[in-house]
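Subject: Structure for your files

Hello,

Here is the structure you were to receive, with sequence and coordinates together. My notes follow below it.

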Amino acid sequence: MTTTTDERLLETSPLRRLLGRPELGSVVGAVAVFVFFAVTADSFLRAASLSTVLYASSTIGIMAVPVALLMIGGEFDLSAGVMVTSSALVSSMFSYQMTANVWVGVGVSLLVTLAIGAFNGFVLTRTGLPSFIVTLGTFLMLTGLNLGLTKLIDDTVSTKSIADMEGFPSAQDLFASTFTIGGVDFKVTILWWFGLVALASWILLRTRAGNWIFAVGGNQDAARAVGVPVVRTKIGLYMGVAFGAWISGQHLLFSYDVVQSGEGVGNELIYIIAAVIGGCLITGGYGSAVGSAVGALIFGMTSKGIVFAEWNPDWFKFFLGAMLLLATLLNAWVRKRAEATK
């Protein structure tokens with residue numbers, strides 16, 4: 001007599017669970033990068049150096065987290081880089097021109113930035129156009145608006161100083177302050193980064209919205225057929241990217257007091273690279289927030305490790321491209337191993 005066992009009741013071995021984690025390949029890569037620079041750069045292991053690495057990673061990681069969720073949902077956003085600058089410009093120029101409390105400008109910036117994200121999601125879902133076309137159009141429009149409005153309002157390519165305005169010190173404490181642990185200074189963006197990773201992981205793994213994100217990215221039509229709110233989910237994901245851009249934009253503004261209107265171009269590719277290195281698939285339906293954080297950490301270690309090793313920084317893009325290819329190949333191999341052990 002043959003006994004059939006429901007495969008859902010079978011215990012999963014720790015190795016199988018480990019191989020099924022999307023961030024496994026990026027963790028292996030992060031360890032390799034860490035060991036490499038620890039050996040080749042004498043100053044890499046100093047506490048101050050590690051603080052610098054974490055800061056560089058956090059400035060990418062804050063955006064890589066929502067970008068990763070968007071990619072898991074099957075889309076991506078080419079306007080994310082310039083949206084950061086747009087957020088900072090709106091906050092700065094509104095506060096200065098209206099002679100308002102800086103916090104008023106920060107609030108208006110949040111509303112405007114979320115509206116841009118909602119616009120991306122709305123156009124995408126209503127027209128059915130690829131996210132490449134929709135967000136490329138937004139990228140070009142924001143690039144032109146950033147430069148054109150800044151020159152029109154401030155008669156220059158940068159904003160006016162708002163450092164002496166009411167509310168600036170408290171806003172700076174929230175978005176661009178420094179705290180000390182064991183005599184080592186750390187930027188508050190590291191806390192923002194860790195908080196977003198925790199929030200995104202909870203959403204993906206513990207909420208109905210997380211199931212919707214994976215379903216929409218895996219098969220949009222099948223997800224819609226079983227009642228998943230595809231339109232609402234995608235608009236929400238684009239607004240999530242906008243929220244990350246708002247945080248990054250306020251950090252940019254309150255770190256340097258003024259904002260250059262041409263900043264941010266090209267950063268969208270770095271956010272996508274961090275997410276891909278962290279295990280997200282371009283095709284959607286697979287990835288994790290933790291993986292995006294590891295991808296951002298690899299970026300930070302590489303960008304600063306090259307400096308600590310006193311190498312020519314011109315080679316940075318080469319190493320970044322090599323890591324992207326290697327991480328993609330490693331992630332593909334890990335997925336095949338995981339599927340083979342099922």
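At which residue does helix 3 bend, and by about how many degrees? The bend in helix 3, which covers residues 47–72, is at Gly-61 and comes to about 35°. Bear in mind that this is a predicted model.

Helix 3 is also mostly covered, with 19 of its 26 residues buried. Just after helix 3 comes Gly-74, whose phi is positive at about 90°.

Helix 12 spans residues 267–277, and nine of its eleven residues are buried, so the rest of the structure largely encloses it. The buried residues of helix 12 are Glu-268, Ile-270, Tyr-271, Ile-272, Ile-273, Ala-274, Ala-275, Val-276 and Ile-277. A glycine with positive phi turns up here too: Gly-279, just after helix 12, has a phi of about 110°.

Arg-232 sits in helix 11, residues 230–256. Is Arg-232 buried or exposed? Its relative accessibility is 56%, and the cut-off for exposed is over 50%, so Arg-232 counts as exposed. Between Arg-232 and Trp-212 the C-alpha to C-alpha distance is 9.9 Å, with 20 residues separating the two in sequence.

Now the chain as a whole. The protein chain holds 14 helices and two strands. What radius of gyration does the protein chain have, and what would a compact globule have? The protein chain has 21 Å, and a compact globule with 342 residues would be near 20 Å, so the two agree. Along the principal axes, the C-alpha atoms fill a box of roughly 85 × 55 × 35 Å.

Of the 342 residues in the protein chain, 48% are buried. Counting contacts between residues at least 6 apart in sequence, 76% join residues at least 24 apart.

The accessible surface of the protein chain is about 16,700 Å², and carbon and sulfur atoms account for 66% of that area. As for charge, the protein chain carries 20 positive and 20 negative side chains. The centres of these two sets are 12 Å apart.

To go through it on screen, you could begin at Gly-61, where helix 3 bends, then go to helix 12 with its nine buried residues, and end at the exposed Arg-232 in helix 11.

Regards

Definitions and conventions
Residues numbered from 1 in each chain as written. Predicted model: local features only at pLDDT ≥ 70, side-chain atom pairs only at ≥ 80, totals over all residues. Heavy atoms only, no water. Helix = DSSP H or I, 4+ residues; strand = E, 2+ residues; numbered from the N terminus. Rg over C-alpha atoms; globule rule 2.2 N^0.38 Å. Buried < 20%, exposed > 50% of the residue type's maximum accessible area, 1.4 Å probe, protein only. Contact = heavy atoms within 4.5 Å. Areas by Shrake-Rupley, 256 points an atom, 1.4 Å probe, with all protein chains shown as cover. Lys, Arg positive; Asp, Glu negative; His and termini not counted. Charge placed at Lys NZ, Arg CZ, Asp CG, Glu CD. Bend = angle between axes of the 7 residues up to and from the residue.
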